[in-house]
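I open this notebook to record what I looked up, entry by entry. The topics are backbone geometry, cores, one helix, one sheet and the cysteines.

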Amino acid sequence: MNTKYIFVTGGVTSSLGKGIIASSIGKLLQSRGYRVTIQKFDPYINIDSGTLNPYEHGECYVTVDGHETDLDLGHYERFLSIETHKPNCVTTGRIYQSVIDKERRGDYLGKTVQIIPHITDEIKRRMLFLGESGEYDFVITEIGGVAGDIESLPFLESVRQLKWELGADCINVHLTYVPYLAAAGELKTKPTQHSVKKLQELGIQPDVLILRTEHDIPDDVRAKVSLFCNVKREAVIQSRDVPSIYMVPVRMHAQGLDTVILRKLGIDPEQTSCNLTIWNRFLNMMQSTVQEVHIGIVGKYVELQDAYKSISEALLHASVYNGRKLKLHYIHSGSIDSENVESKLCGLNGVVVAPGFGQRATEGKFAALKYTREHNIPTFGICLGMQCMVIEFARNVLGYTDANSTELDEHTLHNVIDIMESQKSVTTKGGTMRLGAYRCSLVQGSLAASAYGKVEVCERHRHRYEFNNDYRENFEKNGMVVTGLNPELGLVEIVELPLHKWYLGTQFHPEYSSTVENPHPLFKSFIAAAMKK
């Protein structure tokens, strides 16, 4: 069959969960045996997500091929157990950069370069790119922003054109909000009507409406939405709040969303059946678990929990598969010092020291690590968290009281963490770090090798500073051993304290590759150790 294209748009307000709906649609189609991929088109002018402040945009997710992307790609991978790549995330900045580069080369032969057709043609080319590979039956495209935003207009115009050009091979799924006014005791559909009207003004008629709500939407209200929005009643689906995002595909299937979508695209839904056996097993384990495991995330961006989204989800996956209910405690590293560290970490079964950049709030991480190391509390350091493990050990065990990273103190006499040689000449920030998947060889018999069940792995990176190998011998002689190395570059990937219950740091980001159906082995091992505390 021809590749089918599903465009997911949003209205009324941001943060309604377009990424979760796109992922859920993908999961349902995948569960029927179809080959599915998902892509995100974001309206901001940044080239990628790498330079965005986590407080503004949440975590920066990294693909295996080293592209810094929106956090929704993490949802796509966790739901579908697929790998995304650079073409799966496109920003306005990349579109304009490509068009301007073509104009500078003379590709347009002197024509006046305009939004239509040049910008929209470039957008359409990228929207169709994955589908034209022949590898997918369905390409789901999430359009960032809200219908009516000026930034999203070129993307929506491109969707309008593709709906016309692709005909029956293309549909639009529109997600809106139905608020409940407590004073009136009523659900209000007017915001949805206005959102659909805005889309219609842009030339797009939604094929499916998904209504985000905190309350059940009665049949008569859905019928009203159907009437006013020109959408068939069976294609008006509610998405009510649920305790876990992983329940959304099941709720969508129960309302027939996958059946509606297949019919809209001219596919007989009776030809396939929806197999969510593994997914439902995960949900059953998650809902039946009673005993808790308390994990602290020590980081500098904890005010916005989306800044550590992949870590929190990886911890959830690992906890469920270990038969525990995860209780997360977000602790701002700037609030910790040697005087209050015990009270801050009291009652935790394990501690994750999170990634980050810059000197701010790092001293609190050192205090937390000293406490967990000395009190034998399972501890997982990730990227900067691993580097802080190294620095704390150098200060308090090796006696290098001024030990530091040159990122945090360029004048330190003991640069146990130093900038990579290849990074010393880099002057720009965007996309210039060590990014994407690199090989890691594990030491046989190490905690890491035991967790993975093998000695060769491949994990994703996002950093420009490394363990300084000049100090390696002294570290290992005093108890902190290197158990993971990049075989090509000789760079340290994992450090451990073998005499500790569970004390391990990774230079890479293992959280990126944890999925619902394949939880990451290091997180599973960490939670197993935390359960024993």
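Entry 1, a proline in a helix. I began with Pro117, which lies in helix α5, residues 115–129. The model is predicted, and I read its backbone with that in view. I looked up the peptide bond that leads from Ile116 into Pro117 and found it cis, with omega near 15 degrees.

Entry 2, positive phi outside glycine. I noted Ser81, whose phi is positive, near 55 degrees, although the residue is not a glycine. Ser81 sits in the loop that runs between α3 (72–80) and β5 (89–91). Its relative accessibility is 31%, so I entered Ser81 as partly exposed. I then turned to Asn230, a residue other than glycine with a positive phi of about 60 degrees. The loop between α8 (219–229) and β11 (236–240) holds Asn230. Is Asn230 buried or exposed? I recorded it as exposed, because its relative accessibility is 55% and the cut-off for exposed is over 50%.

Entry 3, the nonpolar cores. Which members of the largest nonpolar core touch the most other members? I found Ile6, Ile25 and Leu315, in a core of 94 residues. Apart from that core I found another, of 38 residues, which includes Leu369, Met389, Phe467 and Leu497. As background, nonpolar side chains in soluble globular proteins tend to be buried together. I followed Ile25 further, leaving aside neighbours within four places in sequence: Ile25 is in contact with Ile6, Val8, Ile140, Val173, Leu257 and Ile261.

Entry 4, helix α12. I took up α12, residues 309–321, which has 13 residues. From its first C-alpha to its last, α12 reaches 19 Å, close to the 18 Å expected at 1.5 Å a residue. Why is α12 described as largely enclosed by the rest of the structure? The reason I noted is that twelve of its 13 residues are buried. The buried residues of α12 include nonpolar ones such as Ile311, Leu315, Leu316 and Val320, and also Lys309, Glu313 and His317. After α12 comes Gly323, with a positive phi near 75 degrees.

Entry 5, a three-stranded sheet. I traced an open sheet in the order β16-β17-β20, with mixed pairing. Its edge strands are β16 (404–405) and β20 (465–467), each of which pairs on one side only. Strand β17 (residues 415–419) and β20 run antiparallel and are joined by three bridges. Which residue of β20 is the bridge partner of Ile419? I found Tyr465. Helix α15 (residues 384–396) packs on the sheet and touches β16, β17 and β20. I recorded about 150 degrees between the direction of α15 and that of β17.

Entry 6, the cysteines. How many disulfides does a search of the whole structure find? I recorded zero. For Cys60, the closest cysteine sulfur is that of Cys89, 8.9 Å away, which is too far for a bond. Cys60 counts as buried, because its relative accessibility is 9%. For Cys170, the closest cysteine sulfur lies in Cys229, at 19 Å, again too far for a bond. With 5% relative accessibility, Cys170 also counts as buried.

How values were computed
Residues numbered from 1 in each chain as written. Predicted model: local features only at pLDDT ≥ 70, side-chain atom pairs only at ≥ 80, totals over all residues. Heavy atoms only, no water. Core = buried A, V, L, I, M, F, W, Y, C linked by side-chain atoms within 4.5 Å. Buried < 20%, exposed > 50% of the residue type's maximum accessible area, 1.4 Å probe, protein only. Contact = heavy atoms within 4.5 Å. Expected span 1.5 Å × (residues − 1). Pairing = 2+ DSSP bridges. Axes fitted to C-alpha atoms, helices over the stretch in contact; angles between N-to-C directions. Disulfide = S-S within 2.5 Å.
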